[in-house]
Amino acid sequence: MKRYRYNILRLLLVFAGMLISMGIQAQQDPQFSMNMYNHMAVNPGYAGSQGMMEAAVLNRQQWMGFEGNPKTTFFSAHTPVKPFGIKSGVGLTFMDDKLGFEDNLSINLNYAYRMDIGNGSLGIGVGIGLLSKTLKGEWSIPDSDFHFSVGQDPAIPGGEESGMAFDMGFGAFYNTDDFYVGLASSHILEPTVDYGLSAKTDISRHYFLTSGYNFQLSNPIYEIQPSVFVKSDGASFQLDVNAILIYNKKFWGGVSYRLGDAVVFMAGMEMANGMRAGIAYDFTTSAIAAYSNGTVEFMLSYSLEIGGDKASQKYRSVRFL
């Protein structure tokens with residue numbers, strides 16, 4: 001009976017994440033469709049949570065068909081460590097996000113203090129790093145007496161302009177074999193990137209809530225994993241509702257709905273050598289669909305056992321990477 005009440009509580013947490021975020025739209029930071037496999041992108045508390053060294057790379061081509069459409073590449077690596085006997089996790093993330101004339105680069109070092117709570121593990125983490133923004137404008141000046149060339153107007157940058165700022169994030173991530181929930185915030189200092197020439201960009205603080213549960217079906221070869229991903233910059237919100245079906249712990253496929261934006265279909269596989277691969281395609285449901293060829297996202301990851309209690313690592317779900 002106690003185990004039953006515990007499962008009900010975890011299930012309620014999943015649905016609570018769905019109910020608190022109805023009626024939402026997009027915000028500043030780049031998005032990923034396979035968010036359930038990409039926790040390190042938003043939550044430093046995830047570092048070391050799987051008891052293995054893990055590395056992943058994702059590439060996203062958003063709204064294909066637009067000139068200057070968003071293109072994002074993200075890399076992460078993390079591993080559990082025990083400095084001075086303290087259970088911890090460390091990680092590294094790198095992101096290159098291009099949108100029109102703007103190129104954004106960020107690199108962060110992450111640390112999570114880990115503790116065992118109940119049947120699971122809680123990580124409380126912090127990430128520190130640098131955020132760089134570069135503008136590479138290409139100007140088209142009409143040929144007339146009323147328009148000036150780039151070199152004649154000091155307010156128009158004639159070449160590449162860039163700026164850099166210190167960045168910081170915070171997060172907490174709790175997971176068991178069947179359940180996870182995470183809460184995180186990025187850009188918590190709300191940094192300002194100064195390009196010079198009185199041009200600046202203010203970066204808004206972002207908030208993230210993610211939760212998922214693993215259901216073992218009556219046929220043990222199948223599992224279904226519903227999850228939600230909520231994000232906000234304080235001015236706007238976005239909600240992804242996901243469902244993944246896993247076959248024999250090796251092949252998976254699923255669907256996701258991003259409120260007001262897209263329906264996403266995903267598929268992937270987990271190979272015996274620790275490699276995992278996945279692909280997602282977004283069918284845009286907003287007005288942009290009339291001008292876009294959709295969005296495609298690729299994922300490749302690798303997991304490596306580094307020792308410790310092997311018995312506690314018999315079950316590995318692809319939802320976590």
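In strand 7, S185 is the bridge partner of F170, and this small link is a friendly place to begin. The structure is a predicted model, in which local features need pLDDT of at least 70, side-chain atom pairs count only at pLDDT 80 or more, and totals for chains, interfaces and linings use all residues. Residues are numbered from 1 along each chain as its sequence is written, and side-chain values use heavy atoms, with hydrogens and water left out.

Let us follow the strands around that link. Strand 7 covers residues 179-186, and strand 6 pairs with it in the antiparallel sense over 6 bridges; two strands pair if DSSP finds at least two bridges between them. A hairpin of 3 residues leads from strand 6 to strand 7. Strand 6 is also joined to strand 5 (residues 120-136), with 16 bridges and an antiparallel course. Here M164 in strand 6 is the bridge partner of S132.

Now step back to the whole chain. The protein chain holds 1 helix and 17 strands, where helices (H or I, at least four residues) and strands (E, at least two) are DSSP runs, numbered from the N terminus. Of its 321 residues, 43% are buried; buried means under 20% relative accessible area, exposed over 50%, and partly exposed in between, with a 1.4 Å probe and protein chains only. Among contacts with a separation of 6 or more, 57% are between residues 24 or more positions apart, contact meaning heavy atoms within 4.5 Å. The chain exposes about 16100 Å², and 65% of this comes from carbon and sulfur atoms. Accessible areas come from the Shrake-Rupley method with a 1.4 Å probe, and for residues only the protein chains shown count as cover.

Strand 6 brings us next to the aromatic rings. Rings of Phe, Tyr and Trp (its six-membered ring) pair if their centres lie within 6.5 Å; planes under 30 degrees apart count as stacked, over 60 as edge-to-face and the rest as tilted. By this rule there are 9 aromatic pairs. In one of them, the ring centres of Y46 and F173 are 5.0 Å apart and the planes stand at 85°, so this pair is edge-to-face. The two residues are 127 residues apart and link distant parts of the chain: Y46 is in the loop between helix 1 (2-19) and strand 1 (52-61), while F173 is in strand 6 (residues 160-175). Y46 and F173 are both buried. Together with Y180, they form a cluster linked by ring pairs.

Another buried spot is found in strand 13 (residues 237-247), the home of N242. With a relative accessible area of 3%, N242 counts as buried. Its side chain makes a polar contact of 3.3 Å with the side chain of N35. A polar contact is a pair of N or O atoms within 3.5 Å; within protein, one must be able to donate a hydrogen and the other to accept it, and residues adjacent in sequence count only if both atoms are side-chain atoms. Leaving aside neighbours within four places in sequence, N242 touches residues including N35, M36, Q225 and V255.

Finally, look at two loops. Just after strand 13 in our tour comes N248, in the loop between strand 13 and strand 14 (251-258). N248 is not a glycine, yet its phi is positive, near 60°. Its relative accessibility is 39%, so N248 counts as partly exposed. W63, in the loop between strand 1 and strand 2 (71-81), is not a glycine either and has a positive phi of about 50°. W63 is partly exposed, because its relative accessibility is 23%.
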